[in-house]
Amino acid sequence: MERPIDPEAALHTAEMTALRELATTKFRERGRAYDANCDMPVENIRELHQGGWLRTTLSKERGGRGSNLDTDDPATYLQAQRSIAQGCPGTAHCVQVTNHTAWCLEAIGTKSQKKRYLEPMRERSFLGSFVGSEAKRKHMYMMNTTAKKVDGGWVINGEKNYATNAPTMDFAIIFVALAGTEDYNQNHQMIIIEPGMEGVSMDHAWYRPNGMRAAPSSIITLDNVFVTEDQFLGEPGTYPRQRWQGKFHLGFAATYLGATEGMYDWYLDYMRKRGRGRDGITQMRTGEMKIQLEAARAIFHHAIACWKTKPVVEAELASMAAKSTAAHVAFELSHKIIHAAGSTALFDEFPLSRYLRDLETHVLHAGHDRTAQIIGQSELGESFDSTLQR
């Protein structure tokens, strides 16, 4: 085994620096148009495909960078995610979802599934979606969407929401419950579907949130959709048993942190150009922000390293702490920046209001009170599940 790539070193490669420059210039500039109509960031996605960033988590043999938490390079894909978020958090989330989808599919998919859904990623921006969310779900792993056994296969019925990338996706991994048992370790099943399948319909107009509008996340309705077991990804219960949800904490932390850094860097430039850096209160508030950001960066890098140095549960807990810290710092800096920069900085010609809305919306993805409770349970010797988001 090679020595794991250092998170700080991964952040400062020439390739990563170029990605950050692309994100904070072109991606940031395009953000206003995407935001206005909740459009997919198609130009950004195309450029990221050309740079190989849509398949960062795939092995080098499949045209990727071989970076994910299961490899000797747990840092590159996360630092790329963070760098993209500095310019456009919505684009970063689209990239996160397709990279998580590719990573999981390569790890547990069949040979034919890999050929059908991973090989095209070399040639074009072939996007995936990972859809567990649904209305009135009782538990992260307990689905209302069901698959019932019939002659020759299974019939799926239900509705999934927050299907990121859906308007231009080529396939989705959805979560269903296999009819016949209540235990999610036995009935939780990942199934691969495609937009053109009979009985699959999507509502793209539903997604009109306050922020993260450049990461369209549609409703998918499944009405008597017939699938064969060739479309099953892994065995029943694979996703919870292999702790995949715990592997994804840091992807969200990377976007929270990157978006906050992008907002802060824009604020610094705005204040300097207006000659407002001489005010003592502004200096103090800016110093406070810098300190908070450094703390979030340090715990983020520590959590990445934990995946190579600590047992998996400890790494999951460190990742949850990094995610929660990045979220709280995002809220703190949002409040301080608007008070320091003033109301003109919130005009549409500037990106600040989009950063604020994106962070406000996306940070709510995870229940941070629940995160703190889980970490507290572990500290007090009580039972806990460090894979849970909520």
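**Entry 1. Terms and starting point**

I take helices and strands as DSSP runs, numbered from the N terminus. The model I am reading is a predicted one.

**Entry 2. Thr56**

I looked first for the place of Thr56, and I found it in the loop between helix 3 (42–50) and helix 4 (76–85). Is Thr56 buried or exposed? I noted a relative accessible area of 1% for Thr56. Buried means under 20%, so I record Thr56 as buried.

I then looked up the polar surroundings of this residue. A polar atom of the Thr56 side chain lies 2.8 Å from the backbone oxygen of Trp53. Leaving aside residues up to four places away in sequence, I listed what Thr56 touches: Arg65, Gly66, Ser67, Thr76, Tyr77 and Asn99.

**Entry 3. The second largest cavity**

Thr56 came up again when I turned to enclosed space, as one of the residues that line the second largest cavity. I noted a volume of about 60 Å³ for this cavity. Its lining also includes Trp53, Tyr77 and Asn99, and I had met Trp53 through its backbone oxygen and the other two as contacts of Thr56.

Which element gives the most to this lining? I found that helix 4 does, with 5 residues. Helix 4 and helix 5 each supply at least two residues. By class, I recorded 6 nonpolar residues, 6 polar ones and no charged ones.

**Entry 4. The largest cavity**

Rolling a probe the size of a water molecule over the atoms shows where empty space is left. How many cavities of 30 Å³ or more does a search of the whole structure find? I noted 2.

The largest cavity has a volume of about 120 Å³. I read that 14 residues line it, and that Gly31, Cys88, Pro89, Arg354 and Asp358 are the closest to its centre. Helix 2, helix 5 and helix 13 are the elements that give two or more residues to the lining. The largest share, 4 residues, comes from helix 2. I recorded the lining of the largest cavity as 6 nonpolar, 3 polar and 5 charged residues.

**Entry 5. The largest pocket**

I next went to the open spaces. The largest pocket holds about 780 Å³ of space. I noted 30 lining residues, with His93, Ser133, Tyr162, Phe252 and His365 nearest its centre.

Which elements each supply at least two residues of this lining? I listed helix 5 (89–108), strand 1 (128–131), strand 3 (153–164) and helix 13 (352–362). The largest share is that of helix 5, at 4 residues. I recorded 14 nonpolar, 13 polar and 3 charged residues in the lining of the largest pocket.

**Entry 6. The second largest pocket**

About 270 Å³ of space lies in the second largest pocket. I noted that 16 residues line it and that Thr24, Arg28, Asp265, Trp266 and Asp269 are the closest to its centre. Helix 2 (14–37) and helix 10 each supply at least two residues, and helix 10 gives the most, with 6. The lining of the second largest pocket divides into 8 charged, 4 polar and 4 nonpolar residues.

**Entry 7. Ser218**

I then looked up Ser218, which has its place in strand 7 (residues 217–227). Its relative accessible area is 1%. The cut-off for buried is under 20%, and I therefore record Ser218 as buried.

With what does the side chain of Ser218 make a polar contact? I found the side chain of His204, at 2.7 Å. Not counting residues up to four places away in sequence, Ser218 touches Lys160, Asn161, Tyr162, Ala163, Ala166, Pro167, Asp203, His204 and Trp206. Among these contacts is Tyr162, which I had noted as one of the residues nearest the centre of the largest pocket.

**Entry 8. Helix 14**

My last search concerned helix 14 (residues 368–379), which has 12 residues. From its first C-alpha to its last, helix 14 reaches 17 Å, close to the 16 Å expected at 1.5 Å a residue.

Which residues of helix 14 are buried? I listed His368, Thr371, Ile374, Gln377 and Ser378. What covers these buried residues includes helix 10 (249–273) and helix 12 (312–341). I had met helix 10 in the lining of the second largest pocket. Just after helix 14, I noted that Gly381 takes a positive phi of about 80 degrees.

Terms used:
Residues numbered from 1 in each chain as written. Predicted model: local features only at pLDDT ≥ 70, side-chain atom pairs only at ≥ 80, totals over all residues. Heavy atoms only, no water. Buried < 20%, exposed > 50% of the residue type's maximum accessible area, 1.4 Å probe, protein only. Polar contact = N/O pair within 3.5 Å; in protein donor to acceptor, adjacent residues only side chain to side chain. Contact = heavy atoms within 4.5 Å. Expected span 1.5 Å × (residues − 1). 1 Å grid on protein atoms, 1.4 Å probe; cavity = no way out; pocket = protein on both sides within 12 Å on 5 of 7 lines; lining within 4 Å. Points joined across faces, edges and corners; volume = space filled by probe spheres on them. Nonpolar A, V, L, I, M, F, W, Y, C, P; charged D, E, K, R; others polar.
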